[in-house]
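Here are a few friendly notes to read alongside the structure. They take up helix packing and then a sheet.

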Amino acid sequence: MLSSLIEAKTDLKVVRKPFLGGSQVTHSALASRSIDLYPEYTGTGWSSVLGEAPIGGDPQTTYDKVKEAYETRFGITWLPPFGFNNTYTLSMRADAAERLGIDTMSQLAARSSELTLGATHEFLEREDGFKGLQAAYGMHFKKVTGLDPGLTYGAVKEGTTDVNDAFSTDGRIQAFKLKTLKDDKRFFPPYYAAVVIRDDTLKAHPELEETLNLLAGKIDDATMSALNGKVDLERKEPRAVAEQWLKEQGLI
């Protein structure tokens, strides 16, 4: 989306460098001037890149702190977030959640002794995963099963487990008619996506800020999940999906 929007709205030509690696690699490429910009998550920037402990509460606090730290330490600007928060969550079949009256994780905790959880082994072992979540909400499931990452969503869809760990913008959530539960105690750190761009790039091409900010607040969790599903489940090309959405929004 970023590349296509820049090319449609400015005279600049974008060199796309997909699949560089994780955030450490991509951030290093940005800081060393090998690339000019990329989309990053606030929680990843704060915890992984800056090495700080996650901040609970208002997601705006994490954004403000990571924005200030990047500017001071790296000469890199965080533009306003797109709108979606790709954080850990728990999901259930939507029909089961409605039947049981479960909309939040607190409500799930109250019914957890009747239900089974199928989650990745990593999630079950992480302090910022199930261990911490269990302590924060007092969840005590009837049964907890460790599953391979590719199987957790299907297990809930097929009814072999009742609840799974999920990422809030995974395409399978909508495709499998699942419901993500509200983290009403704000246990999980926020992972709002936004453009990170070098200050010298913005200085050389000031038109980029206005152009990229056309996406600010435009993409919520449900939209991102649906777009991810077109790529991951329908096997459509990412660029084609991105440009079709931009056209539908009147942005290109």
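1. In which hand does α13 pass α14? The crossing is right-handed, the near helix being turned clockwise from the far one by less than a right angle, whereas an anticlockwise turn counts as left-handed. This is a predicted model, in which local features need pLDDT of at least 70, side-chain atom pairs count only at pLDDT 80 or more, and totals for chains, interfaces and linings use all residues. Residues are numbered from 1 along each chain as its sequence is written, and side-chain values use heavy atoms, without hydrogens and water.

2. Helix α13 (residues 221–232) packs on α14 (residues 238–248) at about 140 degrees, with the axes 9 Å apart. Axes are lines fitted to C-alpha atoms, for helices over the stretch in contact, and angles run from 0 to 180 degrees between N-to-C directions. Helices (H or I, at least four residues) and strands (E, at least two) are DSSP runs, numbered from the N terminus.

3. In α13, Thr-223, Leu-227, Lys-230 and Val-231 meet Pro-238, Val-241 and Trp-245 of α14; contact means heavy atoms within 4.5 Å.

4. Now to a sheet: five strands form an open one in the order β5-β4-β6-β3-β7, with mixed pairing. Strands pair if DSSP finds at least two bridges between them. Because β5 (143–147) and β7 (178–180) each have a single partner strand, they stand at the edges, with one side left without a neighbour in the sheet.

5. Within this sheet, β4 (residues 116–120) and β6 (residues 163–167) pair in the parallel sense over two bridges. Leu-117 stands opposite Val-163 in β6.
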